[in-house]
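Please look over the sequence and the three-dimensional model shown here before reading on. The paragraphs below are meant to be read with both in view.

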Amino acid sequence: MRSPVSTAIAMAVGLLVLIGYLLPIGIVGQLRTIILDWAITLAGIAGLVAIFNLAAVHWRKIGDKRNRDYYSIFLILAFWATFLAGVAAKVWGVPSQHDFQRVVTAIQMPIEASLMGVLAISLAYASFRLFQRRKGLMAIIFVISALVFLIILSGLLSFGGSVPVLGSLINLLNLLPVAGARGILLGIALGSLTTGLRILMGTDRPYSG
Amino acid sequence: MNLEHIAGLVLVLASVVLLIVLSLPRKTRRGRDLRDIPGFRRLRRSIGLSVEEGSRLHISLGKSSPVNANGAASLAALAALERVARMNSLSDRPPIATSGDGSLAILSQDTLKAAYRLANALELYDPDRGRLGGATPISYIAGALPITSTEHVGTHLLVGSFGPEIALITEAAERRGALSLAATDSLPAQAALYATASEPLIGEELFAVSAYLQAGPAHTASLRVQDVLRLVAVGALILGALLKLVGVL
């Protein structure tokens, strides 16, 4: 049995925020703003706690005699170097915040760009193997539509706008993904609504209580 | 109060009433409530097999904070995590949850703790099993990738808000021969997952994961509420189009 107190607090706060959004009048609207400000502050603190937890997990991995992970040493060193330099930049101004940000970005951006490069190759490879993994009409439609939109978006058919029938056909094709996306997003919005309501009603509790 | 607020209030109240009514017990044949989705069949079998084979389940909860606009996907992921953790809590290799947001990581630890307590196995709970992969989308993927190769993972359940970079995890899972069932609210990520995941879920199927893992009548009822609301939306769209056609709108 979970704590009824936690559940009651979560439901009451959730209802207050919802009522504050739908009926933004008087004290309810102000309460909603205050609660959301608290939520944002708490989320920030939670982020810091989780980052320290991540560092602690990797610290334990270094000390694990059976499955020692040597890469964790680099994570711990990079974490403390960045953390201490960030604190020093904020408190003492040495290094300056601009320099600190520039160094962090100079390391982070190439690494992220490399991973995106790997992702591009992985996706190209996966699309070649798609028919091995997935057979049926949907896979054929997926590949044909991917090829059609690659051609359209590459600009190869940019002259088509002035050709009467081709121009209309390209416009029609460009509308298809918009319609499909709206359908999918509508379903996701309805799913979001019912998920939120389950939490407000206390049937779903993503907390231990 | 404007029209948007009134419409929102009506939608929420109607959904609450429907959710309560459809949660009530009714005479139906077992197993006929939900349509068959092969991915969920494979997932349930894989959860059972993981206990026998001594492999682990990895649940990736995405990168969106529950207080963001994409928070619903994270909440759906937490519901799935609790269900999977309860089904798998007594395994030799208990499930691991990774997330790309601090508050989501803490909630995942809390959800795991609740699942172990409900399974009367709180002494087996290890907070390190719910961890932050990284604080940015790419660092999250970089932090979660080693799990595919070092933690004996046999099944990856990727539910939540992701970018297309999630395909790096599904590709790594594929190379290791692990099952990956993936559902997300992001359209570019859905396209990437369709090409790379063993079992991709499309659109609102993301919110059906917990219902298909038999989390309870409220979860099944919420799927039925979605169906009713979808029919209403379709009707409204057709009506709007007809009114536009005859020049009323």
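What follows goes from the interface of the two chains to the pockets, the cavity and some details of the backbone.

This is a predicted model, in which local features need pLDDT of at least 70 and side-chain atom pairs count only at pLDDT 80 or more, while totals for chains, interfaces and linings use all residues. Residues are numbered from 1 along each chain as its sequence is written, chains are lettered from A and ligands numbered from 1 in the order in which they are written, and side-chain values use heavy atoms, with hydrogens and water left out.

The interface is a good place to begin. Here 71 residues of chain B are in contact with 59 residues of chain A, contact meaning heavy atoms within 4.5 Å. About 5300 Å² is buried between chain B and chain A, and carbon and sulfur atoms give 70% of this area; buried area is the accessible area (1.4 Å probe) that two parts lose on being put together, summed over both. Of the area that chain B buries against chain A, 12% is supplied by B:Ile138, B:Leu168 and B:Tyr194, more than any other three residues.

Polar and charged pairs also cross this interface. Between chain B and chain A there are twelve residue pairs in polar contact, both residues being at pLDDT 80 or more; a polar contact is a pair of N or O atoms within 3.5 Å, where within protein one must be able to donate a hydrogen and the other to accept it, and residues adjacent in sequence count only if both atoms are side-chain atoms. The elements that give two or more residues to the side of chain B that touches chain A include helix H1 (3-23), helix H3 (71-88) and helix H9 (217-245) of chain B, and the largest share, eleven residues, comes from H4(B). Helices (H or I, at least four residues) and strands (E, at least two) are DSSP runs, numbered from the N terminus. By class, this side of chain B has 39 nonpolar, 19 polar and 13 charged residues, where Ala, Val, Leu, Ile, Met, Phe, Trp, Tyr, Cys and Pro count as nonpolar, Asp, Glu, Lys and Arg as charged, and the others, Gly among them, as polar.

The structure holds 15 salt bridges over all chains, a salt bridge being a side-chain nitrogen of Lys or Arg within 4 Å of a carboxyl oxygen of Asp or Glu. Across the interface of chain B and chain A there are four salt bridges. A:Arg133 forms a salt bridge with B:Glu171, with the closest N and O atoms 3.7 Å apart, and also one with B:Glu174, with the closest N and O atoms 3.6 Å apart. Because A:Arg133 lies in helix H5 (residues 130-133) of chain A and B:Glu174 in helix H6 of chain B, this latter pair joins two chains.

Pockets and cavities come next. On a 1 Å grid over the protein atoms alone, a cavity is a set of points where a 1.4 Å probe fits but cannot get out, and a pocket is an open set with protein on both sides within 12 Å along at least five of seven lines; lining residues have an atom within 4 Å of a point. Grid points are joined across faces, edges and corners, and a volume is the space filled by probe spheres set on the points.

The largest pocket holds about 1800 Å³ of space, and of the 46 residues that line this pocket, A:Gly14, A:Val17, B:Pro66, B:Val67 and B:Leu75 are the closest to its centre. Its lining divides into 34 nonpolar, nine polar and three charged residues. The second largest pocket, with about 1600 Å³ of space, is lined by 42 residues, among which A:Leu75, A:Ala78, A:Phe79, A:Thr82 and B:Ser139 lie nearest its centre. H3(A) gives the most to this lining, with twelve residues.

The structure also holds one cavity of 30 Å³ or more, and its lining consists of A:Asp204, A:Arg205, A:Pro206, B:Leu75, B:Leu78, B:Ala79 and B:Glu82.

Two backbone details remain. A cis peptide bond, with omega about -5°, joins A:Val94 and A:Pro95, and A:Pro95 lies in the loop between H3 and H4 of chain A. B:Asn120, which is not a glycine, has a positive phi of about 55° and lies in the loop between H4 and S3 of chain B.
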